[in-house]
Structure formats: C-alpha cells, structure tokens
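Okay, thanks everyone, I'll keep this short. Let me put the structure up, and then we'll walk through how the sheet is put together.

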Amino acid sequence: MNITRWLTAIAYSTAAAFIPLHAAAQELTLRVVSAFAENTTYVKNLEPMIKKLNAEGKGVLQLNFIGGPKAMPPFEIGNAVRTGVVDIGLTTGAFYTNIMPEADALKLTQLPAPELRKNGATNLINKVWNEKANMQYLGRVIDYTPFHIYLTKKIDKPDLTGLKLRITPVYRDFFQSLGATVVQTAPGEVYTALERGVVDGYGWPVNGIFDFNWQEKTRFRVDPGFYSAEVSLVMNLDKWKALSQGQKDLLMRHVLAHEADASSWKKVNEDDVKRQAQVGIQTITFDPATAKQFYDKAYEVAWTNLIKASPQYGPQLKKLFSN
Ligand code: 173
C-alpha cells in the first residue's frame, strides 16, 4: 500500500469512527407549550432564559416555544406533557389536578424554590411527578408571589356568601369555605365573565391582571394575599431520560439560574400593587386577628384536603414545604 492509499484508508476509518459520535451529539429541539399567553408576564419573564439557552445550546439543545392557549388549551397541557405530545410545559399544578391531586400542592410552599432543593422537597416532588404524571419537574419560574381575591363588590369581613367567584383548583376549597359559589375558567375567559356579570370576582396572583385588562372590571383587591403562585417547567419523563448528560446539564443550568433569580418578582409585585391603586382598585383589609384567621384558613383548608386526597405524599410534602 502506498502512502496515499494509507492516508485515504485512515481518513475513511477515522470518519467512520466519528459518525456514531456525531449522531449521538446531534442537536435536539424540545417543543415547549405555555398555559399562559405569549404577551403575559410569566412568558415574557422566561423569554430571556430561552434565548440564552438557545444561544449557548447551538448544536446540542434548543427550546422551541410553540405558543400559549391558542396552541393548546391550558387545562390540557399536563396530559400533553405526560403522554409526550409536547416535550415541556410552562404551566401550573392547578391546571393538571386531573392527573394527580399533588399537582396543586406546589402553591403551598412557604419556602422559595432554591430552599426546596436544599431540604429534599424537590427530590420528593420529582418522585411523585415521575411516578404519577410521567413528568420530570424541571424548575419553578415564579416565587414570592401571593394570590389574592379580586372583587367587583365590597365585603367588610372574610365572608363570600352570595358571591360567585371565578376559580381554578388553586382557590376552590378556600373560597367555598368562605361561602362563595365558584365557577372554573381558564384565564382567557375571565374578562368576559366579569363583563357579563357572570362572576363577582376572581382569584389571581398579585401581579398580572393588567395583562388581561381585568383592571377595567375590578374594583377591590382583598388583602392579605395567600399561598405562593406557582408556575413551573415540567418535561415528559421519557424525553428527559433520552437526553444526553450534556443536554441535561445545559437545560438544568439555565433552569436553575432562572429559578435562583426569582426575587426579581418582589419588585414586579410592588409595581403592580402601585399600579392597581393608581387605576382606582381599592384595598379591602381586615383587623390583624381576622387577617391572620383568613390567611391561616387558606392553608388549613388546602392541606386538609390535599392530605385527604393523598394520604401517602400529602404529609411528606407538608413537612418539607414548611421548614
Ligand atoms: O388563577 C389561575 O388561573 C391560576 O390558577 C394561576 C396559577 C398560577 C399563576 C397564575 C394563575
């Protein structure tokens, strides 16, 4: 064999040896759908993270943001992630309680997400999410954000008797325990429900009502807020398992950095409270003892029902979410 043929042979065998490696390292694109519309606070806040990940992940991993409720109804995203119709959901547990009651427990944490990673709560979440929902829980994108009751009619004590409120599973048991009649709707239907007088108010986090123009139809916000609004990234478990270690590391590095950055929500929330006052939304408050009762009742009702629905995991979640 002359030298040229040798070199050619080596070149071919080297190329052949590299083909499987290149194939394994091929860029993978994951499809992301959101329970919240493209122009809302929760999605806008996540966009820079997706951009950064995609810039860094060239040739390795890309996130393709498909869209919000126009692409898929919010209450169907959980199942779509579970079955692998989409890869990743930007959603909240309240929207997939049809899969498991534990989904709605994430609102009950008293600790920010990075603390939950330290004390083992996130491992427990992943055990439950893996086992019951075929999901890998990636990370939380909102923290430090309470929910509130917003009303078109005044109340002077924590009694919602005679009022009909728009809910999701987040608020159902609490509002009913205060005497309300409830009707569940997706966020996109709240404006019309208010406009038509079908509801006298709604539950929603302290931020974000301006995204939907609900300030036009809202007269009061009840303080204090309660729970911790949860929106997270969840991924189909089979898809997660199929990622290479490098792809997992890249994805998690960005998710964790974003999660650790969540104290920026405090400023967003302060600004939204100011803006609500500016447009004439009045605050309804109670005396300190009544306010405490109201706040404590929110947790009591929710934990009692969760533990009833999940005797196995409810108590464990409660323990890790509160210390
Ligand atoms: O009110 C809702 O639609 C809801 O459950 C929710 C949960 C997290 C963030 C925003 C809204």
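So, the main thing here is an open sheet of 5 strands, in the order β2-β1-β3-β10-β4, and the pairing is mixed. β2 and β4, which is 135-140, sit at the edges with a single partner strand each, so each has one side without a neighbour in the sheet. From one strand to the next, the twist averages 25°. Keep in mind this is a predicted model.

Let's go through the pairs. β1, residues 28-34, and β2, residues 61-67, are parallel, with 6 bridges between them. If you want a spot to click on, V32 has F65 in β2 as its bridge partner. And how do β1 and β2 fit together with helix α2? The three of them make a right-handed β-α-β unit, with α2 covering residues 41-56.

Next pair: β1 also runs parallel to β3, residues 88-91, and there we have 3 bridges. S34 is bridged to L90 in β3.

Then the direction flips. β3 and β10, residues 232-236, are antiparallel, joined by 4 bridges. Look at I88 for that one: its bridge partner in β10 is M235.

Okay, helices on the sheet. Helix α9, residues 245-260, packs on it and touches β1, β2, β4 and β10. The direction of α9 makes about 40° with that of β4. Helix α5, residues 121-133, lies across β4 and β10, and α5 runs at about 145° to β4.

That's my tour, happy to rotate it for anyone.

Definitions and conventions. Residues numbered from 1 in each chain as written. Predicted model: local features only at pLDDT ≥ 70, side-chain atom pairs only at ≥ 80, totals over all residues. Heavy atoms only, no water. Pairing = 2+ DSSP bridges. Helix = DSSP H or I, 4+ residues; strand = E, 2+ residues; numbered from the N terminus. Right-handed = clockwise from strand over helix to strand, strands pointing away. Axes fitted to C-alpha atoms, helices over the stretch in contact; angles between N-to-C directions. Contact = heavy atoms within 4.5 Å.
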